[in-house]
Structure formats: structure tokens, C-alpha cells
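Colleague: I would like a close look at one part of this predicted model. Please walk me through it, then set it beside a few other places.

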Amino acid sequence: MHTVISSSEDRMKKTIASLKDGFASLRTGRASAALFDKIKVDYYGDKSPLNQVATISIPEARLIVIQPWDKALIGEIEKAIRSSELSLNPSNDGKVIRISIPPLTEERRKELVKHAKNQAEQSRVAVRNIRRDGNDELKKLLKEGELTEDEESRASEELQKVTDSYIVKINQVLEEKEKEIMEV
């Protein structure tokens, strides 16, 4: 019974981690190295994550500086950033790439909040599906005679409490991201 609840909770933790991961790559009006987590650069025929071929620093709130470890990669890095869905315009001086993060328009902010809400809703659905799977497992254990009806009922209630707590966590993560997106 407890293994069902703990395995369900582990899966719910992964859902929250995945949501936070998705939110990290959502562009806000502030510079963040996490924006480039999904960008891959063609490095001698191999696609390598940007943070494995360059140093990414944020000297100011709206400026990102990318310093490739191999100067020959500057063009490839610029190309990868331009072709990404970040809508950023990098410039280089031959040694480093500078990216100025423009402030977001009100319309773009609302679009990002809407996208964040969709991601959060997908996470809530995933958590509810995990609860359903857990309840199915509990019913199976009841049917096999490994649980009494009272134990199954208590475990189901406990699973519901765990589910509710993760829904609250998802809402908190969403609220923080909304504030971050909407700040000017």
C-alpha cells in the first residue's frame, strides 16, 4: 500500500521538476542562462549543448555574454541562437557574443502567461493521471486480497491528499512564473 503511494509521489515529483524545467526555458524580460539550455550547436559534426562549448554569463539584468571556448564556433553559436524560437538577435566582436534582452511587449507577456498556464494544466492532468494509476493499483491489491477494504480506502484518501498537495505546488510554481513574466 505504501509502495503505491510512494511510487505515485515520486512520479508527481518528476512532474513538478519537468514543469520547472519547461518554465526555465520560457523567456521573461530578464536575462537568464537557462534560456539557452535547449540550444544545440554544431560542434565538428556533433550537436552539443551550448553550455558545453561556451561560458554563458549575465553581467547585467538585460545582457547575456557568451564566450565560446573555441573561437571557431562563434558563427555556429550565433546561427543556433538565431534559428531558435527565442527571437533574440546576437552580435559578436570576434571573441564573444553579446545578446541584449529586449523588454517584452504587453502582448508577448500575455502570450507567455497563457503558455505557462497551459504547461501547468498539462502538469495537473499528469498528476491526476498518476493518482488514477495509484488508485487502480490499490483496487488490484484489494481484489488480490492483499488489502482490506478499510486499508484500500485509507490509502486512497492518503493518495488524494498527496495529489492535492502537488496540485497546490503546481499552482505556486505557475504563480511565481506569472509574476516573473509580468514584471516590467
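Which residue in β4 is the bridge partner of E60?

Modeller: The bridge partner of E60 in β4 is L63. This is a predicted model, so read what follows in that light. Start with the hairpin. β3 is joined to β4 through two residues. β4 itself covers residues 63-68, and β3 pairs with it over five bridges, in the antiparallel sense. Another of the pairings links T55 to Q67 in β4.

Now widen the view to the sheet. Four strands make it up, and the sheet is open. The order runs β3-β4-β6-β5, with antiparallel pairing. The edges are β3 (54-60) and β5 (91-92). Each has a single partner strand, so one side of each has no neighbour in the sheet. As background, strands of a sheet pair through backbone hydrogen bonds, either parallel or antiparallel.

Follow the chain out of β4. A72 sits in the loop that runs between β4 and α2 (74-83). A72 is exposed, because its relative accessible area is 60%, and the cut-off is over 50%. The C-alpha atom of A72 is 9.5 Å from that of K95, with their positions 23 residues apart along the chain.

Another loop deserves a stop. Y44 lies between β1 (40-43) and β2 (46-49). The phi of Y44 is positive, about 50 degrees, although Y44 is not a glycine. Most residues other than glycine have a negative phi. Y44 is exposed too, with a relative accessible area of 64%.

Next, a charged side chain in a helix. E152 belongs to α4, which spans residues 149-182. E152 is buried, yet has no salt bridge. The nearest side chain of opposite charge is that of K139, 4.7 Å away. A salt bridge needs a nitrogen of Lys or Arg within 4 Å of a carboxyl oxygen, so K139 does not qualify as a partner for E152. K139 is still in contact with E152. Beyond four places in sequence, the other contacts of E152 are L138, L142 and L147.

Last, the rings. K169 lies over the face of Y166, 4.2 Å from the ring centre. Aromatic pairs number one in the structure.

To return to your starting point: E60 in β3 meets L63 in β4, and two residues make the connection between these strands. β3 has β4 on one side and no neighbour in the sheet on the other.

Methods:
Residues are numbered from 1 along each chain as its sequence is written. This is a predicted model: local features need pLDDT of at least 70, side-chain atom pairs count only at pLDDT 80 or more; totals for chains, interfaces and linings use all residues. Side-chain values use heavy atoms; hydrogens and water are left out. Rings of Phe, Tyr and Trp (its six-membered ring) pair if their centres lie within 6.5 Å; planes under 30 degrees apart count as stacked, over 60 as edge-to-face and the rest as tilted. A charge sits over a ring if NZ of Lys or CZ of Arg is within 6 Å of the ring centre and within 35 degrees of the ring normal. Buried means under 20% relative accessible area, exposed over 50%, partly exposed in between (1.4 Å probe, protein chains only). Lys and Arg count as positive and Asp and Glu as negative; His and the chain ends are not counted. Contact means heavy atoms within 4.5 Å. Two strands pair if DSSP finds at least two bridges between them.
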